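This report introduces a protein model to a reader who has not met it before. Please look over the sequence and the structure first.

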Amino acid sequence: MLRLWRWYQNCLSTHPVKTQVISSGLIWGVGDIAAQTVTHYSANRSQHQLHVVDKELKISWRRVATTTLFGLGFVGPVGHFWYQGLDRMMRMRLKLQPNSFRFVSAKVAADGIIFGPLDLVIFFTYMGFSTGKTSSQVIEGVKRDFLPAFVLEGGIWPVVQVVNFRYVPVQYQLLYVNFFCLLDSCFLSWVEQQQDAPWKQWFRNLLNLKEEKEQR
């Protein structure tokens, strides 16, 4: 294990972007396999309550490939330059003391306000088009899934990122985040496959109520 870690460190120092891209793709691919497994057994549990015969788990390798490409094409390269650029901006432009309260707080805020929402929108949009949905269906799916995912993740990711920005060296921050993305990809896949679940409808009704009040 130590030898593998040293090999990774050597790859990261020699080819930082390529290493981040490949590792992100692999981690997101594994995460999707876990997500399909979790979704399958949670669905079977619901069907079992309705006395429906359980179905055998069949991994959709096409979907694994699609999610892996998301890690390769977006999370890896964009995440690498995001964390590097964010650290540079805090140090050089804002002149914040590294690891200080303001330094960490500013990073967490920027990540939550900019990168977090962007990541969710691109993920749901990409997954929608990859399954053959039309533009209108993708837009409707993003409207349905974005707010519930953003609210629920908003209670977890700030804590994850406080630890990340305070204790993890910048070159390893994306790797750290990607391991949490193993869990996050399970969650996002579960959110996407919940379709028009009652708890999602609650979020949409809340938004509609707010819009009605503003119109009055």
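What follows describes selected residues and one helix.

The model is predicted, so to speak of local features requires pLDDT of at least 70 and side-chain atom pairs count only at pLDDT 80 or more, while totals for chains, interfaces and linings use all residues. Residues are numbered from 1 along each chain as its sequence is written, and side-chain values use heavy atoms, with hydrogens and water left out.

The table places three residues, where buried means under 20% relative accessible area, exposed over 50%, and partly exposed in between (1.4 Å probe, protein chains only); helices are DSSP runs of H or I with at least four residues, numbered from the N terminus.

| Residue | Place | Relative accessible area |
|---|---|---|
| Met1 | segment before α1 (2-14) | 84%, exposed |
| Ser23 | helix α2 (residues 16-49) | 11%, buried |
| Met127 | helix α4 (residues 101-130) | 3%, buried |

A polar atom of the Ser23 side chain lies 2.9 Å from the backbone oxygen of Thr19. Met127 is 57 residues from Phe70 in sequence, yet their C-alpha atoms are 8.8 Å apart in space.

Helix α5 (residues 135-153) has 19 residues and reaches 26 Å from its first C-alpha to its last, close to the 27 Å expected at 1.5 Å a residue, the expected span being 1.5 Å times one less than the number of residues. At Asp145 the helix α5 bends by about 30°, with the proline Pro148 following within four residues; the bend is the angle between axes fitted to the seven residues ending there and the seven starting there. The buried residues of α5 include Asp145 and Pro148.

Methods: Helices (H or I, at least four residues) and strands (E, at least two) are DSSP runs, numbered from the N terminus. A polar contact is a pair of N or O atoms within 3.5 Å; within protein, one must be able to donate a hydrogen and the other to accept it, and residues adjacent in sequence count only if both atoms are side-chain atoms.
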